[in-house]
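Subject: Structure handover: a cavity and some aromatic contacts

Hi there,

Here is the structure I promised to pass on. Have a look at it first, and then read my notes below.

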Amino acid sequence: AANSIAVLPFRNLGGQADQDYFSDGLSEELRATLARNPQLQVMAQASSSQFRERQDDAVTIAAKLGVAYLLDGSVRRAGDVVRVTSELIDGATGFSLWSQPFDRALSDIFAVQREIAGTVVRAIVTKFGPGDSAAVDPAPAVGGTDSVEAYDAYLRGRALYELSADEASERAALAQFDAAIAADPGYAAAHAARARSLTAIANQYGHAGELAALYDQAVESAQRAIDLGPDLADAHSTLGFTLFQGRLDARAARAPFERSRELGAGEATVLARYALYSARTGRHREASEAMERALTLDRLNPLIHRAAGAIAYAARRWSDSIPPARQALAMNPKVSRAHAAIGDALLMLGRLDEARSEYAAEPATDVRLPGLAIVGRRLGNEAEAEAALSQLVAEFGESALYQQAQVLADWGRPADALARLEGALALGDSGLIYARNDPFLDPLRGDPRFGKLLNRLGFD
């Protein structure tokens, strides 16, 4: 499209690798500013970041991303002085349309961001539309800060959060977001990031006794972000995500998710969260529309393709769910849960041997083992099925009660499956967000106890 642009990761020319977070963060802040203009289609971070090393020329990069323009640049930071050089490139020709260096004190970095964004928007929009100043001027920053100290801590935290390497890096990210908020208590984006960080820690590393407290803190931070930045789409999306996956309250999550959809039409991550929520609550048309838009804005992100497969699966379009998961694996053969997703779909299609092969290739043990337990029983291999379930219980215990329920329901043991689901609800097991349309739980759907459990989860 003539109004489409990708912001490439700005190069760090300072010679210090530990300053990469700043150049990356500046790129993302510019991307977010441009995305707030409804006249632009801005490629999301994950897709744009595929070209960090610039091994292709500008025309090739633009073609792979499917955009008309590229915004490239570099950052050199020395003490309290920063030089930002930015360049707008025509994706069809590779020619530079505009280039400018900015030498400023670090405290002026926010003005530099606004100036670059405003120049880019005017250069693009005036090519295909009337020169309405209200339409081309950059929208005011939503949820931002004027504190360099807070901004620096926030960028450091975001780099650690996106690394998602281990519990230590997740908790280090949380500490940076706390530092950003300490420097500027009114920094809405930092409160939203803190909520996501707390949710990630709870989901991946939290123990049963601390989950409720972590989720309560996450909800409180997300709500604070909304109070400070009512138009910050990411804050509403984060609140919806935390209420749904943390509090297990699908009903309460709907309003913030709907508001995030209204405010974040140009943000792929916001759209993908909304799409997955809609799919898991049975609103399949809304899910498909939002995911189609997310794919347009983040076409090279394997996680977005995996999510597209999950949406088709939730709608019970088994065959349609396989190609997006295959695409995710083609982009990143190590992506987790894609093989298991393909295995689930193949199992539903009755292609049991193929399903077993996919489960066996899945690196995530918590979804590989239940898949092997179910397909093993359907293939008549009782010993293999029992061994997979026993290993699941031994390795994960109460943290995999939902997966145990899937296996037991499919094996025709409804009372045991319901007991596991009740235990999962008592512990706040986030696996329950799949319960409304999980085909492995279909044997329970005629039981009024299962209907009551869905109602307690807020499903209509």
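A cavity here is a set of grid points where a 1.4 Å probe fits but cannot get out, and its volume is the space filled by probe spheres set on those points. Please keep in mind that this is a predicted model.

**Enclosed space**

How many cavities of 30 Å³ or more does a search of the whole structure find? The search turns up 1. The volume of the largest cavity is about 40 Å³. If you want to display its lining, select Pro-9, Asp-24, Ser-27, Glu-28, Arg-31, Gln-45, Ser-49 and Arg-52. Helix α1, which covers residues 20-35, gives the most to this lining, with 4 residues. Sorted by class, the lining of the largest cavity has 4 charged, 3 polar and 1 nonpolar residues.

**Aromatic pairs**

The count of aromatic pairs comes to 9. One of them joins Phe-244 and Tyr-277 in an edge-to-face arrangement, with 5.1 Å from centre to centre and 90 degrees between the planes. Phe-244 belongs to helix α10 (residues 233-245) and Tyr-277 to helix α12 (residues 268-280), so this pair ties together parts that are 33 residues apart in sequence.

Are these two rings buried or exposed? Phe-244 has a relative accessible area of 5% and Tyr-277 has 4%; buried means under 20%, so Phe-244 counts as buried, and so does Tyr-277.

Phe-244 also forms an aromatic pair with Phe-459, again edge-to-face, at 6.2 Å centre to centre and 85 degrees between the planes. Here the link is between distant parts of the chain: Phe-244 sits in helix α10, while Phe-459 is in the segment after α22 (448-456), 215 residues away. Phe-459 is buried, as is Phe-244.

**A cluster, and charges over rings**

Elsewhere in the model, Tyr-21, Phe-22, Phe-110 and Tyr-151 make up one aromatic cluster. Which ring has the charged end of Arg-77 over it? That ring is Phe-22, whose centre is 4.7 Å from the charged end of Arg-77. Phe-22 therefore appears in both notes: as a member of the aromatic cluster and as the ring under Arg-77.

There is also an arginine over a tryptophan: Arg-377 lies over the face of Trp-411, 4.1 Å from the ring centre.

Happy browsing, and all the best!

Technical notes
Residues numbered from 1 in each chain as written. Predicted model: local features only at pLDDT ≥ 70, side-chain atom pairs only at ≥ 80, totals over all residues. Heavy atoms only, no water. 1 Å grid on protein atoms, 1.4 Å probe; cavity = no way out; pocket = protein on both sides within 12 Å on 5 of 7 lines; lining within 4 Å. Helix = DSSP H or I, 4+ residues; strand = E, 2+ residues; numbered from the N terminus. Nonpolar A, V, L, I, M, F, W, Y, C, P; charged D, E, K, R; others polar. Phe/Tyr/Trp six-rings, centres within 6.5 Å; stacked < 30°, edge-to-face > 60°. Buried < 20%, exposed > 50% of the residue type's maximum accessible area, 1.4 Å probe, protein only. Lys NZ or Arg CZ within 6 Å of the ring centre and 35° of its normal.
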